[in-house]
Amino acid sequence: MAADLRLSDAIDRVKPSATIAVTTKANEMKRQGLDVIGLGAGEPDFDTPENIKEAAIRAIREGKTKYTPSDGIPELKEAIVAKFARENGLTYKTSQVNVSPGGKAVLFNAFMATLNAGDEVVIPAPYWVSYPEMVLLCGGTPVAVTCGAETAYKLTPAALEAAITPKTKWLILNSPSNPTGAAYTGAELKALAAVLLRHPQVWVLTDDMYEHLVYDGFEYKTIAQVEPSLYDRTLTMNGVSKAYAMTGWRIGYAAGPEKLIGAMRKVMDQSTSNPCSISQWASVEALNGPQDFLPGFRAAYAGRRNLMVEGLNQAAGIVCPKPEGAFYVYPSCEGLIGKKTAAGTVIDSDKTFAAELLEAEKVALVFGEAFGLPGTFRISYATSDAILKEALVRIQRFCGSLS
Ligand SMILES: Cc1ncc(COP(=O)(O)O)c(C=O)c1O
């Protein structure tokens, strides 16, 4: 008989990732030979640019294949310092920079280094699925604040003020957002900052992973740039995964106060050690090298966003706002709740909508409840126009078939 394994209380607090579950299910169905369109995964379909790959190959040939300092090589930290100065008007020293194995690990290391039992983390919902789970894993308390379509899925100063308590340790901002694509203007960030200035116990973790993916001339800003008085309590996080199509290379980074960065390094010293040395050298090239492929990526994503917004708004019962950035659209399916499929199943939730759509039309998307906002769903449009057009035909057919 297998020995009974008692799991940690920490792991028992945590849910598995709904986005990974959808992608795994879609891939399984594909392996069974079914014609599934997967719109669940948040991953660019572009290949990593050639100059970045070459830098990695060079690093291997030059023997840069050994341990590095746990939180990154000095050359990459210098490239990150230069990036923050060039693109965000933020001044950091290399001692204020952390490099981790992916953006996800940056967040985890920051929470591991700072959260104690009872500490609250304010998370605007819809949120990226991992935020509340990581907070729970690290012993903190996630406090979700609903930000619906009426505020364009953005946190308002009043909602922030209402969510803050003496126990609030962090506010997470994510702009452009996964899952909604919504991005905050400089003025909107300034208004949120005004609230934070009244609450000196609150630190800001801004997840800027999608910074480069904004459309229609949207002017990107990050909060420490807009309100320099928050610099001393902001962790500005970013990574190469989304902008440079480098999800598999696993490099994320952040800059903030030295005490926090030092504590994050201690977490890494005693757990993962350094991110892959070769990926770090590739990331030096990503940040310091030519950025000329970015406008092409942006133009392709903007075109796909327009295609999806238009096509989804033509589907009966779906309302799809036009987001400023990222590669997601985040429509409402409230108009379909209570309707029935041809087989007689009642669409009683976004979860049932997603399950029935997958069953009937083989389109995989992620239901909104996973992101903390029922009655909605997320589509990742980081795939070809041809696939997106076919997905729209199927979604429109499915919605039209409900009665
Ligand atoms: C908002 C957001 N933050 C962080 C990450 C993690 O990025 P990485 O793949 O570098 O760990 C993702 C990836 O999906 C994301 O969407």
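**View 1. D45 and its partner R304.** D45 is partly exposed, since its relative accessible area is 36% (buried means under 20%, exposed over 50%, partly exposed in between, with a 1.4 Å probe and protein chains only). D45 makes a salt bridge to R304, and the closest N and O atoms are 3.0 Å apart (the rule asks for a side-chain nitrogen of Lys or Arg within 4 Å of a carboxyl oxygen of Asp or Glu). This pair ties together distant parts of the chain, 259 residues apart: D45 sits in the loop between β1 (37-38) and α3 (50-61), R304 in helix α12 (residues 294-313). R304 counts as buried because its relative accessibility is 6%. Helices (H or I, at least four residues) and strands (E, at least two) are DSSP runs numbered from the N terminus. A word on the model: it is predicted, so local features need pLDDT of at least 70 and side-chain atom pairs count only at pLDDT 80 or more, while totals for chains, interfaces and linings use all residues. Residues are numbered from 1 along each chain as its sequence is written, and side-chain values use heavy atoms, with hydrogens and water left out.

**View 2. T383 and what it touches.** Look for T383 in the loop between β12 and α14 (385-401). Its relative accessibility is 14%, so T383 counts as buried. Leaving out residues up to four places away in sequence, T383 touches L39, D45, R304 and L388 (contact means heavy atoms within 4.5 Å). That list includes both D45 and R304, the salt-bridge pair from View 1. For scale, the C-alpha atoms of T383 and L155 are separated by 29 Å, with their positions 228 residues apart along the chain.

**View 3. The salt bridge between R397 and E361.** Here the closest N and O atoms of R397 and E361 are 2.7 Å apart. The two ends come from distant parts of the chain, R397 from helix α14 and E361 from helix α13 (residues 350-361), 36 residues apart. R397 is partly exposed, as its relative accessibility is 46%, whereas E361 is buried at 12%. The overall count comes to 23 salt bridges. Elsewhere, K83, R86, E87 and E211 are linked in a network of them.

**View 4. The sheet of 7 strands.** The strands run in the order β2-β8-β7-β6-β5-β3-β4, forming an open sheet with mixed pairing (two strands pair if DSSP finds at least two bridges between them). β2 (97-100) and β4 (141-146) are the edges: each has a single partner strand, so one side of each has no neighbour in the sheet. On average, neighbouring strands are turned by 20° against each other, direction ignored. Axes are lines fitted to C-alpha atoms, for helices over the stretch in contact, and angles run from 0 to 180 degrees between N-to-C directions. Strand β3 (residues 120-125) pairs with β4 in the parallel sense over 6 bridges, and P124 stands opposite V145 of β4. Helix α4 (residues 74-88) lies across β2, β7 (234-239) and β8 (252-255), at about 120° to β2.

**View 5. V202, a buried loop residue.** V202 belongs to the loop between α8 (186-197) and β6 (203-207). Its relative accessible area is 0%, which is why V202 counts as buried. Skipping residues up to four places away in sequence, V202 touches I164, T168, K169, W170, L171, L196 and R233. From V202 to G186 the C-alpha distance is 20 Å, with the two 16 residues apart in sequence.

**View 6. Backbone oddities in the loops.** A cis peptide bond connects A125 to P126, with omega about 5°; P126 is in the loop between β3 and α6 (130-137). The peptide bond from S175 to P176 is also cis, with omega near -10°, and P176 lies in the loop between β5 (168-174) and α8. Two non-glycine residues have positive phi: A152 near 55° and R250 at about 65°. A152 is in the loop between β4 and α7 (157-163), R250 in the loop between β7 and β8. Both are partly exposed, A152 at 38% relative accessibility and R250 at 33%.
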